[in-house]
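Got the viewer open? Good: here is a short walk through the model, with a suggestion at each stop for what to select next.

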Amino acid sequence: MSYSHKVIDHYENPRNVGSMNKEDKSVGTGMVGAPACGDVMRLQIKVNEQGVIEDAKFKTYGCGSAIASSSLLTEWVKGKTLEQASQIKNTQIVDELELPPVKIHCSVLAEDAIRAAIEDYKNKNHS
Amino acid sequence: MADNTPNYFTLFDLPVSFHVDTELLAQRFRELQRNAHPDRVANGSDRERRLAVQQAALINQAYQTLRSPLLRGRYLLELQGEVFNDETATTVDSAFLMEQMHWRETLGELREQADPLDVVHKLLDAIRTRQTQLENDLATYVNQARWSEAKVLVYKLQFLQRIYQEAELTEGELLDIH
């Protein structure tokens with residue numbers, strides 16, 4: 001199987017790799033894993049008082065497509081409101097990265113990760 | 001799973017249970033293999049030979065499934081009608097995933113360690129300990145027909161199997177160097 005040049009670009013130059021303090025109230029953390037391949041993904045967002053995502057970081061252990069999916073997603077969510085970010089669909093990632101059918105689950109994982117991060121942020125700030 | 005496929009436990013004349021007598025399983029496997037060997041019908045018709053090959057493949061598949069606690073657990077759940085959507089399933093137990101991430105980090109940073117072989121051995125031990133623990137829990141859940149909880153454990157065991165294989169691969173690479 002060959003990767004698209006976009007996947008290779010994100011894999012070789014991943015954007016926003018790193019971590020944030022998950023105890024920080026303005027940080028939402030999403031941890032998800034894919035049992036099929038053992039991939040693990042952590043996606044974090046920093047949200048300002050206006051509900052806009054100021055920064056995003058990720059760490060992914062998995063194949064090139066999983067890394068590229070999470071890297072792309074961190075780029076996309078920056079500057080978006082939580083509402084806008086929660087509307088991102090895995091199919092948009094599939095289209096952008098030209099993922100083959102066997103790698104669609106990598107994009108599902110990224111979508112689940114951002115949802116989990118948003119959920120975590122909301123839980124922290126509405127209690 | 002096709003409906004006409006015989007139950008693997010029936011095939012080996014074993015009770016449908018998470019607990020399997022592995023010696024008995026291996027013994028029955030050898031017997032079945034001997035009786036179904038395609039060479040026995042080498043002079044038979046095309047149909048006979050094709051059926052013999054199919055039967056040998058089925059016996060092999062059943063044996064591999066029943067002897068692995070992970071695959072056996074998964075098979076028992078499938079017999080109960082549980083469906084495993086591997087392509088879309090995600091695990092969200094964050095404590096479990098943190099440990100996975102930590103282990104992945106340990107593997108990734110191995111070559112910076114003074115004694116990488118020692119680190120990888122400790123990692124393999126830690127994974128095995130966790131596997132044994134989850135397999136015991138899985139046995140309990142299956143026995144108590146707590147299928148949805150059992151399914152979560154099957155998925156977790158799949159993660160463990162994957163990282164265990166990677167750690168073993170790394171161990172092999174390290175041993176080649178020394």
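What follows is a tour of two chains, one after the other, with a few single residues to click on along the way.

Before you start clicking, keep in mind that this is a predicted model.

**Stop 1: chain A**

Select chain A and switch to cartoon view. You should find 5 helices and 3 strands. Tracing from the N terminus, the order is α-β-β-β-α-α-α-α. The radius of gyration is 14 Å, close to the 14 Å that the globule rule gives for 127 residues, so chain A is as compact as a globular protein of that length. If you draw a box along the principal axes, the C-alpha trace spans about 45 × 25 × 25 Å.

Now colour chain A by burial. Of its 127 residues, 54% are buried. Turn on the surface too: chain A has about 5,700 Å² of accessible area, and 48% of that belongs to carbon and sulfur atoms. For the charges, pick out the 15 positive and 17 negative ones; their mean positions are 3 Å apart.

**Stop 2: Asn16(A)**

Zoom in on the loop between helix H1 (5–12) and strand E1 (27–34) of chain A, where Asn16(A) sits. Check its backbone: phi is near 60 degrees, a positive value in a residue that isn't glycine. Is Asn16(A) buried or exposed? Its relative accessible area is 17%, and because anything under 20% counts as buried, Asn16(A) is buried.

**Stop 3: chain B**

Hide chain A and bring up chain B. Here you get 7 helices and 0 strands, so to speak a run of α-α-α-α-α-α-α from the N terminus on. A compact globule of 178 residues would have a radius of gyration near 16 Å, but chain B comes out at 20 Å. Its C-alpha atoms fill a box of roughly 60 × 45 × 30 Å along the principal axes.

Try colouring by domain next. Chain B is divided into domain 1 (8–67) and domain 2 (94–177), and the centres of these two domains, over C-alpha atoms, are 31 Å apart.

With the surface on, chain B exposes about 10,500 Å², with 47% of it from carbon and sulfur atoms. Buried residues make up 39% of the 178 in the chain. The 19 positive and 28 negative charges have mean positions 7 Å apart.

**Stop 4: Asp13(B) and Leu24(B)**

Select Asp13(B), in the loop between helix H1 (8–11) and H2 of chain B. Asp13(B) has a positive phi of about 55 degrees, although it is not a glycine. At 59% relative accessibility, Asp13(B) counts as exposed.

Move on to Leu24(B), in helix H2 (residues 22–36). Leu24(B) is partly exposed, at 26% relative accessible area. Now draw a distance from Leu24(B) to Asp115(B): the two are 91 residues apart in sequence, and their C-alpha atoms are 41 Å apart in space.

**Stop 5: Glu171(B)**

Last, go to helix H7 (residues 147–177) of chain B and pick Glu171(B). Which residues does Glu171(B) contact, leaving aside its neighbours within four places in sequence? Show side chains for Leu117(B), Val120(B), His121(B) and Leu124(B): these are its partners. Leu117(B) is 54 residues away along the chain, yet its C-alpha atom is 6.6 Å from that of Glu171(B). With a relative accessibility of 18%, Glu171(B) counts as buried.

How values were computed:
Residues numbered from 1 in each chain as written. Chains lettered and ligands numbered in written order. Predicted model: local features only at pLDDT ≥ 70, side-chain atom pairs only at ≥ 80, totals over all residues. Heavy atoms only, no water. Helix = DSSP H or I, 4+ residues; strand = E, 2+ residues; numbered from the N terminus. Rg over C-alpha atoms; globule rule 2.2 N^0.38 Å. Buried < 20%, exposed > 50% of the residue type's maximum accessible area, 1.4 Å probe, protein only. Areas by Shrake-Rupley, 256 points an atom, 1.4 Å probe, with all protein chains shown as cover. Lys, Arg positive; Asp, Glu negative; His and termini not counted. Charge placed at Lys NZ, Arg CZ, Asp CG, Glu CD. Domains from an automatic or database assignment. Contact = heavy atoms within 4.5 Å.
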